[in-house]
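Trainee: I am new to this structure and would be grateful for a close look at a single part of it. Please take the sheet and the helices that pack against it, and explain how they are put together.

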Amino acid sequence: TPISSLMGWVEILKNLNPDSDEFKRILDETESDVEKLNKIASRFSKIGSQPKLEKENVSELIKDVCKYFEKRIPRLVGADGSVSNKVNINLNLPPEVYLNINRDLFDWVIENLLKNALDAMDKPHGIISFDLIEKNNEIIIDVSDNGKGVDKKYRNDIFRPGFSTKRRGWGLGLSLSKRIVDDYHKGKLTLLDSILEKGTTFRIKLNKH
């Protein structure tokens, strides 16, 4: 969460030279987390009211969300001292795809799907992919992972408020995401496919106009 990230950045800053490049880099990340907290507060103010939709570059929005999380994904240290991400995020996106959306809320959907995929990882090296295609008058966004998958007996419940197979959390991420896509953006969020121990794909469908 942004709060836990901020706590970590503060501890790192205490041990750095204020004139160093590393200090400046961490300061930028701290600012990003403060902005994230402000965005979270803004999101909750929009739930329950009709949000304003504006023309936004959806590809750029997805990139921004993934860029924020990539810097906070746990890393693996090899025997030779090399460092690599535990989870790699692949983006297969056209450079510019514009839709009328509420940026704060749609950003929340992408963030929830990304967090859900991260939580599903049970392998040393995970892969999460975002694929965006334009088909007729629709925009299709597939979010896939190679995690543990969803058991068939739970598939009818995953969008139900309060449902969760995790030990932590309130089980609201997917239900809120579905409400944002289906009700506020007149689209469709579905579980497209899931195979145990192989992975899951969620699909967002939105009309261009």
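**The sheet and its helices**

Mentor: Of the 209 residues in the chain, 42% are buried. The model is a predicted one, and its chain contains five helices and nine strands. Along the sequence these elements follow the pattern α-α-β-α-β-β-β-β-α-β-β-α-β-β. Among contacts between residues at least 6 apart in sequence, 69% join residues at least 24 apart.

The part in question begins with an open sheet of five strands, in the order β4-β6-β7-β9-β8 and with mixed pairing. The strands β4 (87–92) and β8 (188–195) are at the edges; each has a single partner strand, so one side of each is left without a neighbour in the sheet. From one strand to the next, the twist averages 15 degrees. As general background, strands of a sheet pair through backbone hydrogen bonds, in either a parallel or an antiparallel manner.

Let us cross the sheet in its own order, starting at β4. The pairing of β4 with β6 is parallel and comprises six bridges. Within it, N92 has D131 of β6 as its bridge partner. The next pairing, between β6 and β7, is antiparallel and comprises eight bridges. Here S129 is matched with S144 in β7. The strands β6 and β7 also form a hairpin with two residues between them, in which N136 takes a positive phi near 55 degrees.

From β7 the sheet continues to β9, and these two strands are antiparallel, with eight bridges between them. The residue S144 appears again at this point, standing opposite T201 in β9. T201 in turn is the bridge partner of D193. A path of bridge partners can thus be followed from S129 to S144, from S144 to T201, and from T201 to D193.

The last pairing joins β8 to β9 (residues 199–207) through seven bridges, with the strands running antiparallel. Another pair in this region is I195 with G199 of β9. The strands β8 and β9 form a hairpin with three residues between them, and E197 in the turn has a positive phi of about 65 degrees.

We now turn to the helices. Helix α4 (residues 103–119) lies across β4, β6 (126–135), β7 (138–145), β8 and β9, and runs at about 170 degrees to β9. Helix α5 (residues 173–184) also packs on the sheet, where it touches β8 and β9, and its direction makes about 135 degrees with that of β8.

The two helices α4 and α5 also meet each other. Their axes come within 9 Å and cross at roughly 145 degrees, and the crossing is left-handed. On the α4 side, the residues in contact are L105, F106, W108, V109, N112, L113 and N116, and they meet G173, L174, L176, S177, I180, V181 and Y184 of α5. By class, this contact has ten nonpolar and four polar residues, and no charged ones.

Helix α4 has a further partner in helix α3 (residues 58–70), with the axes 10 Å apart at an angle of about 50 degrees. That angle makes α3 oblique to α4. The crossing of these two helices is right-handed. From α3, the residues V58, L61, I62, D64, V65, C66 and F69 take part, meeting R103, F106, D107, I110, E111, L114, K115 and L118 of α4. This contact has ten nonpolar, no polar and five charged residues. The residue F106 of α4 is listed in the contact with α3 and is listed in the contact with α5 as well.

One residue of α3 merits separate attention, namely S59. Its relative accessibility is 0%, and S59 therefore counts as buried. Leaving aside residues up to four places away in sequence, S59 touches L93, P94, P95, V97 and L132.

A residue of another helix may be set beside this one: E22 is found in helix α2 (residues 21–46). With a relative accessibility of 34%, E22 counts as partly exposed. The C-alpha atoms of E22 and I12 are separated by 9.7 Å, and these residues are ten apart along the chain.

To review the part as a whole, the open sheet has the strand order β4-β6-β7-β9-β8. Helix α4 lies across its strands, α5 packs on the sheet and touches β8 and β9, and α3 packs with α4.

Methods. Residues are numbered from 1 along each chain as its sequence is written. This is a predicted model: local features need pLDDT of at least 70, side-chain atom pairs count only at pLDDT 80 or more; totals for chains, interfaces and linings use all residues. Side-chain values use heavy atoms; hydrogens and water are left out. Two strands pair if DSSP finds at least two bridges between them. Helices (H or I, at least four residues) and strands (E, at least two) are DSSP runs, numbered from the N terminus. Axes are lines fitted to C-alpha atoms, for helices over the stretch in contact, and angles run from 0 to 180 degrees between N-to-C directions. Contact means heavy atoms within 4.5 Å. Angles under 35 degrees count as roughly parallel, over 145 as roughly antiparallel, 65 to 115 as roughly perpendicular and the rest as oblique. A crossing is left-handed if the near helix is turned anticlockwise from the far one by less than a right angle, and right-handed if clockwise. Ala, Val, Leu, Ile, Met, Phe, Trp, Tyr, Cys and Pro count as nonpolar, Asp, Glu, Lys and Arg as charged, and the others, Gly among them, as polar. Buried means under 20% relative accessible area, exposed over 50%, partly exposed in between (1.4 Å probe, protein chains only).
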